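Let's take a friendly walk through a protein chain together. Have a look at the sequence and the structure, and then read on.

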Amino acid sequence: MEILQSMAAVVTIATGVVVYAKLINGNRNLFSELKKKFSNKVTMVIDEFDEIYEAVEIYLTKNMSPKKCKIKVSTTETGEEKENENNPIKIILEHNEKVTDFYDDHKFKWVWLQSEVKSFNLIFRKEDYEYVLDTYLSHIRK
């Protein structure tokens with residue numbers, strides 16, 4: 001009799017876990033949408049076909065610290081960049097690597113992604129949106 005009660009308890013617990021897992025999985029999109037709605041962050045995507053992409057790549061390369069992120073080193077092709085004529089080594093972020101940049105008392109997070117198209121995600125606070133458009137991206141382009 002005790003064995004049957006134990007088995008019934010195990011079945012009840014297993015059923016509860018399955019129902020709970022389905023509930024969470026079914027509401028994953030809802031949780032994701034709620035998170036986006038109440039987040040104070042904005043993500044800008046800069047893909048490799050945009051002229052600012054190269055400026056971001058150069059800016060981050062010059063400002064990143066090897067102590068704070070994983071970097072990728074490769075040789076550059078001849079004539080690829082005038083800056084690198086004396087130094088044929090190219091340093092870039094590793095895929096999915098995150099870099100935090102502080103500029104003029106503002107905090108920015110950069111993530112380099114590589115899928116079908118290479119891109120940088122720039123993540124910052126919503127209240128800094130105008131600052132990013134008017135000042136920060138202009139600073140990077142220089």
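The report below goes from the whole chain to its sheet and then to its surface.

## The chain as a whole

Please keep in mind that this is a predicted model. The protein chain has four helices and six strands. If you follow the chain from the N terminus, the elements come in the order α-α-β-α-β-β-β-β-β-α.

How much of the chain is buried? Of the 142 residues in the protein chain, 26% are buried. You can also ask how far apart in the sequence the touching residues are. Among contacts with a separation of 6 or more, 52% are between residues 24 or more positions apart.

## The open sheet

Which strands build the sheet? Four strands form an open sheet, and their order is 1-6-5-4, with antiparallel pairing. Strand 1 (41-47) and strand 4 (98-103) are the edge strands, as each of them pairs on one side only. From one strand to the next, the twist averages 25°.

What holds such strands side by side? Strands of a sheet pair through backbone hydrogen bonds, and the pairing can be parallel or antiparallel. Here, strand 1 and strand 6 run antiparallel and are joined by seven bridges. In this pair, Lys-41 stands opposite Arg-125 of strand 6. Strand 4 and strand 5 (residues 106-114) also run antiparallel, with six bridges between them. There, Tyr-103 stands opposite His-106 of strand 5.

## A helix on the sheet

Helix 3 (residues 51-63) packs on the sheet and touches strand 1, strand 4, strand 5 and strand 6 (118-125). The direction of helix 3 makes about 70° with that of strand 6.

## Two faces of strand 1

Strand 1 is a good place to see side chains alternate. Val-42, Met-44 and Ile-46 point to one face and are buried. Lys-41, Thr-43, Val-45 and Asp-47 point to the other face and are not buried.

## The outside of the chain

The accessible surface of the protein chain comes to about 10800 Å², and carbon and sulfur atoms account for 55% of this surface. Part of the outside is a nonpolar surface patch of about 520 Å², made by Met-1, Ile-3, Leu-4 and Met-7.

Take Ile-3 from this patch as an example. Ile-3 lies in helix 1 (residues 2-26). Is Ile-3 buried or exposed? Its relative accessibility is 64%, so Ile-3 counts as exposed, given that exposed means over 50%.

Terms used. Residues numbered from 1 in each chain as written. Predicted model: local features only at pLDDT ≥ 70, side-chain atom pairs only at ≥ 80, totals over all residues. Heavy atoms only, no water. Buried < 20%, exposed > 50% of the residue type's maximum accessible area, 1.4 Å probe, protein only. Contact = heavy atoms within 4.5 Å. Areas by Shrake-Rupley, 256 points an atom, 1.4 Å probe, with all protein chains shown as cover. Patch = residues over 30% accessible without salt bridge, like charges linked within 9 Å, V, L, I, M, F, W, Y side chains within 5 Å. Salt bridge = Lys/Arg side-chain N within 4 Å of Asp/Glu carboxyl O. Pairing = 2+ DSSP bridges. Axes fitted to C-alpha atoms, helices over the stretch in contact; angles between N-to-C directions.
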